[in-house]
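Subject: Structure handover

Hi,

Here is the structure for you to look at. My notes on it follow below.

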Amino acid sequence: MRWIALSLLLLNFGVFAWFVSTTTAEKERVRIADKRAEAQIQGITLVSEMSRKDLSPLAAPSAPPPAEHSAEQLCTLLGPFAEEFLGEAIVQRLKALQVDAILRDVEMQGQMRYWVFLPPLNSRREAYNRLRELQAQGIDSYVIPKGALADGISFGIFSERLRAESLTSELLEKGIRAQFREEPQTHSERWIVLAPGASDDLAPEFWLQLQQEYPDLDRRRNLCAEVAG
């Protein structure tokens, strides 16, 4: 019995010693953690406590890159229309389909012409004096009244390059310093101009119906910059 009582006493003493050591270690860990937290709090500076020079400016948000547009966009052209009301009627049909279109006068290039001429002289008087000399030689000519070649002498405008070259050679053989250059012939026509890509939204049935109603209607594409109003 004496040994049993002694064993129980030793066991209770051991449990008590373990409990005390565990509690002490736990308190030490809490104390260390509190010190670390306090150090971190002391290292924090409120924005309101900082001077303006210590605040670095926020970087401005970068703007999205601008959309790239082709410098050679193509517009769709419908026409030409001899009567304005015919073109306007189709424009209204296109707008009802949410298609951007407008009727406008477009300068169209026709047949190339070739101008034989004498470059401008120093004055209108000198031009007429030179004209009389040429006509005295039986050379058909006239004074150019205005434009880039004003006060020059014209020997004619031809639709065939060969004829212009031949006349220029004849005049040069006579000592007349004639020249010739190409002159594109232009004329104005009424066309419907559709914005780039607008025609892609139209169904094939629309074009078929339009062709049946207007058999002479032409559809083509051109650089938008050349048909801009």
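Start with β2 and β5: these strands run antiparallel and are joined by 15 bridges. One facing pair to look up is R113 and E183, the latter in β5. Please keep in mind that this is a predicted model.

**Overall layout**

The chain has 229 residues, and 24% of them are buried. Its secondary structure comes to six helices and six strands. Along the sequence, the pattern reads α-β-α-β-α-β-β-α-β-α-β-α. I also checked how far apart in sequence the contacting residues are. Take the contacts between residues at least 6 apart in sequence: 75% of these join residues at least 24 apart.

**The sheet**

The six strands form an open sheet. Their order is β3-β4-β2-β5-β1-β6, with antiparallel pairing. In general, strands of a sheet pair through backbone hydrogen bonds, either parallel or antiparallel. Which strands sit at the edges here? They are β3 (142–143) and β6 (218–223), and each pairs on one side only.

β5 also has β1 as a partner. β1 covers residues 74–79 and β5 covers residues 179–194. Three bridges link them, again in the antiparallel sense. Two facing pairs help to set the register. T76 stands opposite L194 of β5. L78 stands opposite I192, also of β5.

**S188, in β5**

S188 is located in strand β5. Buried or exposed? Neither quite: S188 counts as partly exposed, because its relative accessibility is 43%. Leaving out residues up to four places away in sequence, S188 touches D105, V106 and E107. M108 is worth a look too. S188 and M108 are 80 residues apart in sequence, yet their C-alpha atoms are 6.0 Å apart in space.

**Helix α2 against the sheet and α5**

α2 lies across three strands: β1, β2 (101–118) and β5. Relative to β2, α2 runs at about 135°.

α2 also meets another helix, α5. The residue ranges are 84–96 for α2 and 204–213 for α5. Their axes come within 13 Å and cross at roughly 165°. Angles over 145 degrees count as roughly antiparallel, so α2 is roughly antiparallel to α5. The crossing of α2 past α5 is right-handed.

Which residues make this contact? From α2 they are I90, R93 and L94. From α5 they are F206, Q209, L210 and E213. Sorted by class, the contact of α2 with α5 holds four nonpolar residues, one polar and two charged.

**S141, in a loop**

Where is S141? In the loop between α3 (124–136) and β3. Despite the loop position, S141 is buried, because its relative accessible area is 5% and buried means under 20%. Again setting aside residues up to four places away in sequence, S141 touches L131, L134, Q135, I153, S154 and F155.

**Where to look**

If time is short, I would suggest three views. One is the pairing of β2 with β5, with its 15 bridges. Another is the contact between α2 and α5, including I90 and F206. The last is the pair of serines: S141 is buried, whereas S188 is partly exposed.

Best wishes

Technical notes: Residues numbered from 1 in each chain as written. Predicted model: local features only at pLDDT ≥ 70, side-chain atom pairs only at ≥ 80, totals over all residues. Heavy atoms only, no water. Axes fitted to C-alpha atoms, helices over the stretch in contact; angles between N-to-C directions. Helix = DSSP H or I, 4+ residues; strand = E, 2+ residues; numbered from the N terminus. Parallel < 35°, antiparallel > 145°, perpendicular 65-115°, else oblique. Left-handed = near helix turned anticlockwise from the far one by under 90°. Contact = heavy atoms within 4.5 Å. Nonpolar A, V, L, I, M, F, W, Y, C, P; charged D, E, K, R; others polar. Pairing = 2+ DSSP bridges. Buried < 20%, exposed > 50% of the residue type's maximum accessible area, 1.4 Å probe, protein only.
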